[in-house]
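Welcome! Please take a look at the sequence and the 3D structure below, and then let us walk through a few of the details together.

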Amino acid sequence: MPDYTFVDEPDRIVSWLERQPLIGVDTEFMRERTYFSRLCLIQVSSAQDIYCVDPVTELDMSHFWDRFCDRNWVLHSARQDIEVIYQTAERMPASIFDTQVAAGLLGYQPQIGYGNLIEELFGVALPKTHTRANWAARPLPDAYLAYAAEDVEYLLPAYEALAERLEQKGRLGWAESDSTLLLEPSLYEIDPATAVARVKGASRLRGQRRAAAARLAEWRETEAVQRDLPRQWILRDNVLIEIAMRAPASLDELSKIDDVPAKLVKRAGRDILAAVRRAARDEHDERPAAAPDEEQRLLLRQMQEIVAECAASLDIAAETIAPKKELSAIVAGNDGGSRVFTGWRRELVGDRLKALA
């Protein structure tokens, strides 16, 4: 069990933070009953110290956030931690190094978990207790805090071990650039207009039904954000799809659709009908992407072979360079600024893939 200090007044460690050029960072949060993740604990480590910082406070944390986000962070699988910090503090760290990203570039299993990586690197088996703890509870039990502290205890040693090996292989810059991609604010900003992409079953709809699903998903996302509730609590996917398909024109028609709660009709029925009406006036007629033809399937196989050959030469997984989904999008003409055409990937395979496309 690591030694740690619990801090319920975040400003108490500001001067300590100012002396740390590099810190290990992890967070604990809850999201089961809200749209936005609720930040419940921040774990911070240096080579000598571990602090468990309580952000559930009415104290002004602006000074803490300034110093904390002015540091260089080491995290494992950083995306969710960055998201909850960004949404809570509206700040990004100066830089990050993601040990999961780094491990993938050394041939470890893609998306390797923190516990498995620490066992691989140091032969230390971390306990998996309290993985479903109620981190919003106060006071937090000592057992919870000790578990949380373990999540940062080995972060800096892992960074040192991985960075040394990456440097030897000439890949340290790859890990740093891939980690930096996670600091793009657009990854964490909410755009209700694109919410239909997360609706199960919407991709199979066509014409005005697809337009109605898009309008309903946009309304639901906006509601979920404003009320800070999970989107499925506002309107379940299967019910949203049914409404889009039936296109009700009245509250009576809406109320007769299976599984549409009466309370929802009373509270937001007119908003739902308005979304359906707006869809009827939409000019676009988006259709599901056509299945790839034989020429596209051949091109995809050629691209996969190039990526697989390169990955084998580096002794890393092919998906670390370019997953099939990303290659399929390129073949379909939707590269969307694919990573494979930038940075170290472009030098390895990107130019060859672009020549084929």
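Let us start with the cysteines. A disulfide is a pair of cysteine sulfur atoms within 2.5 Å, and by this rule the count comes to 0 disulfides. Why does Cys69 have no such bond? The closest cysteine sulfur, in Cys40, is 17 Å from the sulfur of Cys69, which is too far for a bond.

Before going further, note that this is a predicted model, in which local features need pLDDT of at least 70 and side-chain atom pairs count only at pLDDT 80 or more, while totals for chains, interfaces and linings use all residues. Residues are numbered from 1 along each chain as its sequence is written, and side-chain values use heavy atoms, with hydrogens and water left out.

How much of a residue is open to the outside? Buried means under 20% relative accessible area, exposed over 50%, and partly exposed in between (1.4 Å probe, protein chains only). Here are three residues judged that way:

| Residue | Relative accessibility | Class |
|---|---|---|
| Cys69 | 7% | buried |
| Cys310 | 10% | buried |
| Arg91 | 25% | partly exposed |

Now for the interior. A nonpolar core is a set of buried Ala, Val, Leu, Ile, Met, Phe, Trp, Tyr and Cys residues joined through side-chain atoms within 4.5 Å. The largest one has 55 residues, and Trp135, Leu166, Ile321, Leu327 and Leu353 have the most contacts inside it. Helix α14 (residues 294-314) gives the largest share of this core, 8 residues. Helices (H or I, at least four residues) and strands (E, at least two) are DSSP runs, numbered from the N terminus. A second, separate core of 33 residues includes Tyr35, Trp219, Ile234 and Val276.

Next, meet Arg91, in the loop between α3 (79-89) and β6 (95-98). Contact means heavy atoms within 4.5 Å; leaving aside neighbours within four places in sequence, Arg91 is in contact with residues including Trp65, Asp66 and Cys69. A polar contact is a pair of N or O atoms within 3.5 Å; within protein, one must be able to donate a hydrogen and the other to accept it, and residues adjacent in sequence count only if both atoms are side-chain atoms. One such contact, of 3.0 Å, joins the side chains of Arg91 and Asp66. The Arg91 side chain also reaches the backbone oxygen of Ala89 at 2.9 Å.

Finally, Glu28 sits in strand β2 (residues 22-30). Its side chain makes a polar contact of 3.0 Å with the side chain of Gln43.
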